[in-house]
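Let's take a friendly walk through this structure together. Keep the viewer open as you read.

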Amino acid sequence: MTAEPVNTNDEVRARLRPDLRHLHPYGAPQLDVPVQLNTNENPYAPSEHLKKVIADAVAAVAGTLNRYPDRDAVELRKDLADYLGHGLTAGQVWAANGSNEIIQQLLQAFGGPGRTALGFEPSYSMHPLISQVTGTRWVAGDRDADYGMSTAAEQVRRHQPDVAFVTSPNNPTGTSVPLELIAEVYDAAPGIVVVDEAYAEFSRAGTPSALTLLPNRPRLIVCRTMSKAFAAAGTRLGYLAADPAVIEAVLVVRLPYHLSTVTQAVARAAIAHRDEPLATVEALRRSRDDLVGWLRERGLVVADSDANFILFGIFEDREAVWQGLLDRGVLIRNTGPTGWLRVTVGTPAENDAFKRALTEVVPL
Ligand SMILES: Cc1ncc(COP(=O)(O)O)c(C=O)c1O
């Protein structure tokens, strides 16, 4: 006699928190195709010189790996504060495994059951996901038709969120938020305001960062990452700048030794040699502007971009366009409002491959 097979999936699902059962894992496809323009990385890999610097930095700490890392990552935070400037010190900077972990720590500290977080959609999809995972109720605010945020402060006043997210430049639209508007949101907000500046380095020259708003705004937090302009997405290093009281709060929720010795060493080496990756930013900005012009010449609608990606459309069947590009070895992102697609700016060769493929898939 054979026993009835037990459906272990159902057994496990029944025990998952009910508020998580409807959620899906974050899912940008990771496909092995020649041209990968889907996750907004910097397309330029580290040079031979930088590879050696990083390898040496890892070798230098390898003999200490029997010990836990510096729990407070003090030297790294000093380096990050130095990079950010604006008179910031290590006590106003915190670091974690990617800015996703920073956002998670912020929601653990300032969100949670009975609390709400608000964002202005379309925006970065992990803000609502991490909110829900931390038991924080997500309120989907909206944007103007051109993706501006003229009603943001009013929405904040209406919803009174414990945490408000402003993403600038925004993902997936690429649009920047004027500082006056962020200041208005701050004044309207009863709680924490997180400005997610993952793509700040790609902004047009002269665009000020929300870092300039930090003095006398203790509830304001600016998040950054080394995953984009710094060309270090594999390192997993995100950070924030804020009032020291914010860092004290985050220290309560962070896991002890969350940032490995190897991560800290690699990040410090990359910051010390930041001239190399940051030298690519100007070329990427120029390629972005060229690509925006090219897409518009083809009659497509393109959102203004201050980032290293472009949102364009509007397609009746965006899935078919996305698939057509993929069939030609070009992976972009099927995301954003209905009918739009998002392409990351790549190397000139990658951008040319994208243009060639799109010309075939969507002939003039
Ligand atoms: C707006 C925004 N914030 C944060 C992140 C997370 O970056 P990471 O966790 O790699 O630092 C991303 C990644 O795409 C993003 O687009």
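What follows goes through two helix pairs, one long-range view of a helix and one single residue.

Please bear in mind throughout that this is a predicted model. A good place to begin is helix 4, residues 98-110, and its partner helix 5, residues 126-133. Their axes lie 9 Å apart and meet at an angle of about 45°. Because oblique covers angles that are neither roughly parallel, roughly antiparallel nor roughly perpendicular, helix 4 counts as oblique to helix 5. The crossing of helix 4 past helix 5 is right-handed. On the helix 4 side, N100, I103, Q104 and L107 make the contact, while helix 5 brings M126, H127, I130 and S131. Sorted by class, the residues of this contact are four nonpolar and four polar, with no charged ones.

Now turn to helix 11, residues 318-327, and helix 12. Here the axes come within 9 Å and cross at roughly 130°. Angles over 145 degrees would count as roughly antiparallel and 65 to 115 as roughly perpendicular, so helix 11 is oblique to helix 12. This crossing, too, is right-handed. Helix 11 contributes A320, V321, G324 and L325 to the contact, and helix 12 contributes F354, A357, L358 and V361. The classes in the contact of helix 11 with helix 12 are seven nonpolar, one polar and no charged.

Helix 12, residues 348-361, also appears in the surroundings of helix 10. What span should helix 10, residues 275-297, have at 1.5 Å a residue? Its 23 residues should span 33 Å, and the end C-alpha atoms are 34 Å apart, so the two values agree. Among the buried residues of helix 10 are P277, V281, L284, L291, W294 and L295, and the list also includes R285 and R288. The partners against which the buried residues of helix 10 pack are helix 2 (48-62), strand 9 (301-302), strand 10 (309-313) and helix 12. Just after helix 10, G299 has a positive phi of about 85°.

Finally, zoom in on V156, which sits in helix 6, residues 152-159. Is V156 buried or exposed? Its relative accessible area is 0%, so V156 is buried. Setting aside neighbours within four places in sequence, V156 is in contact with L118, F120, P161, A164, V185, A188, A189 and P190. For a sense of distance, try A14: V156 and A14 are 142 residues apart along the chain, and their C-alpha atoms are separated by 36 Å.

Conventions
Residues numbered from 1 in each chain as written. Predicted model: local features only at pLDDT ≥ 70, side-chain atom pairs only at ≥ 80, totals over all residues. Heavy atoms only, no water. Axes fitted to C-alpha atoms, helices over the stretch in contact; angles between N-to-C directions. Helix = DSSP H or I, 4+ residues; strand = E, 2+ residues; numbered from the N terminus. Parallel < 35°, antiparallel > 145°, perpendicular 65-115°, else oblique. Left-handed = near helix turned anticlockwise from the far one by under 90°. Contact = heavy atoms within 4.5 Å. Nonpolar A, V, L, I, M, F, W, Y, C, P; charged D, E, K, R; others polar. Expected span 1.5 Å × (residues − 1). Buried < 20%, exposed > 50% of the residue type's maximum accessible area, 1.4 Å probe, protein only.
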